[in-house]
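Trainee: I'm new to this one, and I'd rather understand one part well than skim everything. Could you pick the middle stretch of the chain and walk me through it slowly?

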Amino acid sequence: MYKPVVILVNPQMCENVGMAARAMMNCGVSEMRLVAPRENHLSEKAIAASSGAEKILLDAKVFSSTRE
C-alpha cells in the first residue's frame, strides 16, 4: 500500500509550509517534499505555524528542482 506524499513547489512563505505540515499531521500524512522553497522551512515562524507538527518539518526533504 502506498502512502501519500505532499510536494510543495516554490512555497513562498515559511508559515504556509508550517500550516501545510499541521494539516498533514491532522490527516495522518507524514512525508513532505519541498522544491526550491523561498524561506527556511525550519524557521521559528514555520515551527510555530505547524502547531505540533515539527517532526514533519524536520523530516522534510528539500530539492532544488522538480526533476530531482
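What follows is one walk through helix 2 and its partners, then strand 2 and the loops around them.

Mentor: Sure, but first a word on what you're looking at. This is a predicted model, where local features need pLDDT of at least 70, side-chain atom pairs count only at pLDDT 80 or more, and totals for chains, interfaces and linings use all residues. Residues are numbered from 1 along each chain as its sequence is written, and side-chain values use heavy atoms, with hydrogens and water left out.

Let's start at Ser 50, which sits in helix 2, residues 44-50. Helices here are DSSP runs of H or I with at least four residues, strands are runs of E with at least two, and both are numbered from the N terminus. Ser 50 has a relative accessible area of 0%, so it is buried. That word has a cut-off: buried means under 20% relative accessible area, exposed means over 50%, and partly exposed is in between, using a 1.4 Å probe and protein chains only.

What does Ser 50 touch? Setting aside neighbours within four places in sequence, it is in contact with Gly 18, Ala 21, Arg 22 and Leu 57, where contact means heavy atoms within 4.5 Å. There's also something inside the helix: a polar atom of the Ser 50 side chain lies 2.7 Å from the backbone oxygen of Ile 47.

Step one residue along and you reach Ser 51, in the loop between helix 2 and helix 3 (54-59). Its relative accessible area is 44%, so Ser 51 is partly exposed. Look at its backbone too: phi of Ser 51 is near 45°, a positive value in a residue other than glycine. For background, most residues other than glycine have a negative phi. Ala 36 shows a positive phi as well, near 50°. You'll find Ala 36 in the loop between strand 2 (31-35) and helix 2, and with 28% relative accessibility it counts as partly exposed.

Back in helix 2, find Lys 45. It forms a salt bridge with Glu 15, with the closest N and O atoms 4.0 Å apart. Lys 45 lies in helix 2 and Glu 15 in helix 1, so this pair ties together parts that are 30 residues apart in sequence. A salt bridge here is a side-chain nitrogen of Lys or Arg within 4 Å of a carboxyl oxygen of Asp or Glu. Lys 45 itself counts as exposed because its relative accessibility is 52%.

Lys 45 also leads us to Cys 14. Again leaving aside neighbours within four places in sequence, Cys 14 is in contact with Glu 39, Asn 40, Ser 43, Lys 45 and Ala 46. Cys 14 is part of helix 1, and it is buried because its relative accessible area is 3%. Cys 27, by contrast, counts as exposed because its relative accessibility is 65%. If you're wondering about disulfides, the count is zero, going by a cut-off of cysteine sulfur atoms within 2.5 Å.

Now follow the chain to strand 2. Where does Cys 14 sit relative to Leu 34? The two are 20 residues apart in sequence and 11 Å apart in space, C-alpha to C-alpha. In strand 2 itself, Glu 31 deserves a good look. Its side chain meets that of Arg 33 in a salt bridge, at 2.8 Å from N to O, and Glu 31 forms another with Lys 61, where the closest N and O atoms are 3.8 Å apart. That second pair links distant parts of the chain, with Glu 31 in strand 2 and Lys 61 in strand 3 (residues 61-63), 30 residues apart. Put together, Glu 31, Arg 33 and Lys 61 are linked in a network of salt bridges.

How open is that network? Glu 31 has a relative accessible area of 25%, so it is partly exposed. Arg 33 counts as partly exposed because it comes in at 29%, and Lys 61 does too because it comes in at 42%. Across the whole structure, a search finds four salt bridges.

One last stop is Gly 28, in the loop between helix 1 (14-27) and strand 2. Gly 28 is exposed because its relative accessible area is 66%. Gly 28 and Pro 4 are 24 residues apart in sequence, yet 9.5 Å apart in space, C-alpha to C-alpha.

Methods
Polar contact = N/O pair within 3.5 Å; in protein donor to acceptor, adjacent residues only side chain to side chain.
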